[in-house]
Amino acid sequence: MNQKDNEQVYINGMQEKAESLNGTWQELAGYVVEMAGSTYLRGDEKVYLNTEELLQKQAAATGKPLFEPMLNVLEQLTNEWVVERFRYIAHRATHFPYSVMYERRPYRTANPEQHFGQVIRKLIGLLRMEIRQFSLDEYVSVREYKFDHLYEVRSVLPDCIAYDLDHDNGGMKQALHEIIYGDNQSALLTGEMIKGIFMSDQPEAYHMVGELLVAARLQEGLRQSIVERMDEGTIEAFIYILKVIIDHNLIRYSSVVRALAVWTGLGIEAANSRVASQLIEQAYEALTDAAVREDWEQDSNANKIFISLWATAVIEEDHLNDKLIRIMDHGQLYQKIVAQYVLANSQNRDLRLRVARRYLDVQDLELMHWIIQNYDAMYMHNWHFEDGENQRSIHISPLSVFEDKAIRRQNFDQFKQLLDRIPLGGEGGPSGVLEYVHYRIERNDVVKKMLYLAAYDMDSDWIGEIIAIKDMLSPELRGELLSQFVQQPDNEVQRQFVFESLSDKSMSNREMALVQVRKLELTTDEMKQMEALLKLKTGSLRQKVIQVLLLQPVDQLAVSLERLLKAKNELQRLGALELLTEISADPERADQHEQLQTELD
């Protein structure tokens, strides 16, 4: 039986078991079966969102842990191997940072909802390990273990390694010991193995990696593999390796400086070893001493304030809220900028938005940049194929804080007031407070937030207010306003904007305006605007103008053709011939063609 057949048999078996369940359990089981057939979820798929909503509702209704219903379903669908490892993953998720990708920071939170995406992707990894019959023992013991589908299971391998270490299963510790103290660590020791060690609760394993880090010396690649993973494990592992780095002055290596830049979000340069050394020592001190964190929060040194707040978030991000509000309410400008920068490095949307919304009446442009960035609310685009072209439409994921339109209106007005404080070309450059940090604020940044608030219900009055400031917008944002927000082109303000956009400097905006014009019956003056566009050579624009004219009543079209045929401009006369060619070539327009011939004669 080949791999594809194995997969289908496994999923069919799960499906049969799912169908034997009832009510909510059957629904959740159906989602698990569907996800088992996936190799990765982005987080915007229907099955992902439905699973998240169902688990959140169950947790709110029962007061039980978020992932408990999933465990109950897995007990019915899978085997003990999957269940016990998922139990371990779900229980320990809050021990680790929840953010991902290069811009991740090692911020932790006890709120399991922030970890939802990682936990679900790891569940998929466990199921794919079962489907593909992946052998973890061979992965850590066979020198050149071949597996064609490693990408499907890579996300959960560290958790499985940590599970075996913490449960002393299958000689995992011995296998890793032989790799680390063997002759070819750089080739055999994978990033997943290193991360698995850091995710375990085994200080002896941390010690092995610490010794390897010290011994690496000229092996910059191996050193990089260790330090770029050390922030993804337990806080204890992170602190342990930090101490190793400090005790052996490993900050002198560029890979360690780069890792420090990832952990903190500061663009530290390897050339400035003094600053890097100072920062890493401060990080260790703040992480290990609550009194230091408290003292540095009020310090006159911006770096110490930053490290204090950063360390707070690394330990428990939820503790940031009160500290940030205290600084924003009572602190000096430089302290506020530091506070908002620390917040900007979070991927906790609720926290960022909750804090930023309180301080939209801001004067300083650097502080404004960070507050606008932390106002983490934006709409997305859905794509669909229509009329032979890919079309976009706006999608809003509603936030509870904006259910009240009065709140949206308040923020909308506050953003409008900010626009006059931003220079026409924007402003930015190096931070006046934090080294290695840059900022840039433009009017577009603010208008995007206004568009988000208007998109909730497409209030035509709000859209009209944004149209009124169109000259402040970039061509791209004018195009967005034209294509996505002009939904009532017969509205007087929107109609005027559409026709003014026919002379926009951006050719793509002119074409978008013509798409909107097609929905209208034109006045004589508007017809003349269409005719004037035929002076242009751009083929796609001319074709759209002709299509608009063809949609008009035949008597108006006849008058327009007469003007075009008599025009002094050759391209306009050519446009008239193109119109007539289109009409004569279309059998459905035979009557129209005959009528036009009569009127033009």
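Here's a quick briefing on the fold, the cores, a few helices and some individual residues of this protein.

The model is predicted. It holds 34 helices and four strands, and its C-alpha trace spans about 95 × 70 × 50 Å along the principal axes. Of the 601 residues, 52% are buried. If you look at contacts with a separation of 6 or more, 66% of them join residues 24 or more positions apart.

**Nonpolar cores**

- The largest nonpolar core takes in 199 residues, and Trp310 and Met530 have the most contacts inside it.
- Setting aside residues up to four places away in sequence, Met530 touches Phe499, Leu502, Leu514 and Val517, along with Leu522, Val545, Val548 and Leu549.
- Another core, of five residues, lies apart from the one with Met530, and its members include Tyr88, Phe96, Ala162 and Met199.

**Helix α13**

- Helix α13 covers residues 203-215, and its end C-alpha atoms sit 18 Å apart; that agrees with the 18 Å that 13 residues should span at 1.5 Å a residue.
- Its buried residues are Ala205, Tyr206, Met208, Val209, Gly210, Leu212 and Leu213.
- Just past the end of α13, Arg217 has a positive phi of about 45 degrees.

**Helix α15**

- Helix α15 runs over residues 235-247, and at 1.5 Å a residue its 13 residues should span 18 Å, which agrees with the 18 Å between its end C-alpha atoms.
- Buried in α15 are Ile235, Ala237, Phe238, Ile239, Ile241, Leu242, Val244 and Ile245.
- What do the buried residues of α15 pack against? Their partners are α12 (191-199), α13, α14 (220-227), α16 (254-264), α17 (273-288) and α19 (302-316).
- Just after α15 comes Asn249, with a positive phi of about 50 degrees.

**The α21 and α22 pair**

- Helix α21 (residues 333-344) and helix α22 (residues 349-356) have axes that come within 10 Å and cross at roughly 155 degrees.
- Angles over 145 degrees count as roughly antiparallel, so that is the label for α21 and α22.
- The crossing of α21 past α22 is left-handed.
- On the α21 side, Gln340, Leu343 and Ala344 make the contacts, meeting Leu351, Arg352 and Val355 in α22.

**Two buried charged residues**

- Arg92 belongs to helix α5 (residues 80-92), and with a relative accessible area of 5% Arg92 is buried.
- Leaving out neighbours within four places in sequence, Arg92 is in contact with Asp166, Met199, Ser200, Asp201 and Thr234.
- Arg92 and Thr234 are 142 residues apart along the chain, yet their C-alpha atoms are separated by 9.6 Å.
- Asp164 is part of helix α9 (residues 157-166). Is Asp164 buried or exposed? Its relative accessible area is 6%, so Asp164 is buried.
- Not counting neighbours within four places in sequence, Asp164 is in contact with Arg85, Leu136, Asn169 and Met172.

**Exposed spots**

- Gly23 is in helix α2 (residues 23-36), and its 55% relative accessibility makes it count as exposed.
- Gly23 and Ser346 are 323 residues apart along the chain, and 38 Å separates their C-alpha atoms.
- Arg42 is placed in the loop between α2 and α3 (46-62). Arg42 counts as exposed, at 56% relative accessibility.
- The C-alpha atoms of Arg42 and Gly117 are separated by 8.6 Å, with their positions 75 residues apart along the chain.

**Positive phi in two loops**

- Gln133 has a phi near 55 degrees, a positive value in a residue other than glycine.
- You'll find Gln133 in the loop between α6 (116-132) and α7 (136-141), where it counts as exposed at 61% relative accessibility.
- Met458, also a residue other than glycine, has a positive phi near 50 degrees.
- The loop that holds Met458 lies between α25 (443-455) and α26 (460-467). Why does Met458 count as buried? Its relative accessible area is 15%, and buried means under 20%.

Methods
Residues numbered from 1 in each chain as written. Predicted model: local features only at pLDDT ≥ 70, side-chain atom pairs only at ≥ 80, totals over all residues. Heavy atoms only, no water. Core = buried A, V, L, I, M, F, W, Y, C linked by side-chain atoms within 4.5 Å. Buried < 20%, exposed > 50% of the residue type's maximum accessible area, 1.4 Å probe, protein only. Contact = heavy atoms within 4.5 Å. Expected span 1.5 Å × (residues − 1). Axes fitted to C-alpha atoms, helices over the stretch in contact; angles between N-to-C directions. Parallel < 35°, antiparallel > 145°, perpendicular 65-115°, else oblique. Left-handed = near helix turned anticlockwise from the far one by under 90°.
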